[in-house]
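User: I should like to learn how the terms used for a protein structure follow from its computed values. Could we go through them one at a time?

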Amino acid sequence: MTKLEYPFLEKAVRDLKVGETVSISGRIYTGRDKFHKYFSDGGKIDVDFSDGALYHCGPVIIKDASGDWRVMAAGPTTSVRENPYEPDFIAQTGVRLIIGKGGMNKATLDAMKRYGAVYIQAVGGAASVIASSIKRVAGVSYLDEFGAAEAVWHFDVENFTGVVAMDSSGNSLFDSIRRQSEAALCEILSSRA
């Protein structure tokens, strides 16, 4: 397992390969549909994503008795919805890690290759386990504008685990699995003919 610590420098990110398990520690930020649309429409971003991580996540967060934010669940959301925005976001912000589930399109993969970013597949269905890796809510942006699920949460994480599913060399685990599955299906169908 490769350990990544914020800031996520370009050389270390470019060394990551598809299928590699990573453990992420340091600052990550959430961002979903409303944030991406806001960015695309030219909205001013008050978060520095340079050498950072963007997590496609709509966490469940409450305030505890002391008034501090507490993360109850933080599973990944489906990343494909951000395909229209992600290539420009990567190009303009210098973000290095995109974390989510389900992968992204070729345009995003091409941007990752050009600018030195990777896509990390987080485990879907493990929202409470992932929440345990979030050690502190360091802040929140756009809470009033977007609501809690769509706000940009600033998380300090420790040993947040995922798999490199799209790398900066242009490889995609999703494409590889699709090709293998199609070949296996063709073999099964031809054996029945």
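**Reasoning from values to terms**

Analyst: This is a predicted model. Its largest nonpolar core has 28 residues, of which I24, F155 and F160 touch the most other members. At least two residues of this core come from each of β2 (21–30), β3 (53–55), β6 (97–100), β7 (118–121), α5 (127–131), β8 (134–141) and β9 (152–166).

User: Which element gives the most to this core?

Analyst: That element is β9, with 5 residues. As for F155, not counting residues up to four places away in sequence, it touches G26, R27, I28, T30, P59, I61, V71, I134, R136 and V137. Another core, of 21 residues, lies apart from the largest one; F35, F39, M104 and A117 are among its residues.

User: Why is D51 counted as buried?

Analyst: Buried means under 20% relative accessible area. D51 has 18% relative accessibility, and therefore counts as buried. D51 is placed in the loop between α2 (33–40) and β3. Leaving aside residues up to four places away in sequence, D51 touches Y6, P7, F8, L9, E10, G94 and R96.

User: How far apart are the C-alpha atoms of D51 and D64?

Analyst: They are separated by 31 Å, while the two residues are 13 residues apart along the chain.

User: What makes α3 roughly parallel to α4?

Analyst: Helix α3 (residues 86–93) and helix α4 (residues 106–115) pack at an angle of about 15°, and their axes are 8 Å apart. Angles under 35 degrees count as roughly parallel, so α3 is roughly parallel to α4. The crossing in which α3 passes α4 is right-handed.

User: Which residues make the contact of α3 with α4?

Analyst: From α3 there are E86, P87, I90 and A91, and from α4 there are A107, T108, A111, M112 and Y115. By class, this contact has 7 nonpolar, 1 polar and 1 charged residues.

User: Why are α2 and α3 called roughly perpendicular to each other?

Analyst: The angle at which α2 and α3 pack is about 65°, with their axes 10 Å apart. Angles of 65 to 115 degrees count as roughly perpendicular, and α2 and α3 are therefore given that name. Here α2 passes α3 in a left-handed crossing.

User: Which residues make this contact, and how many fall in each class?

Analyst: F35, H36 and F39 of α2 meet E86, D88, F89, Q92 and T93 of α3. The contact of α2 with α3 has 3 nonpolar, 3 polar and 2 charged residues.

Methods: Residues numbered from 1 in each chain as written. Predicted model: local features only at pLDDT ≥ 70, side-chain atom pairs only at ≥ 80, totals over all residues. Heavy atoms only, no water. Core = buried A, V, L, I, M, F, W, Y, C linked by side-chain atoms within 4.5 Å. Buried < 20%, exposed > 50% of the residue type's maximum accessible area, 1.4 Å probe, protein only. Helix = DSSP H or I, 4+ residues; strand = E, 2+ residues; numbered from the N terminus. Contact = heavy atoms within 4.5 Å. Axes fitted to C-alpha atoms, helices over the stretch in contact; angles between N-to-C directions. Parallel < 35°, antiparallel > 145°, perpendicular 65-115°, else oblique. Left-handed = near helix turned anticlockwise from the far one by under 90°. Nonpolar A, V, L, I, M, F, W, Y, C, P; charged D, E, K, R; others polar.
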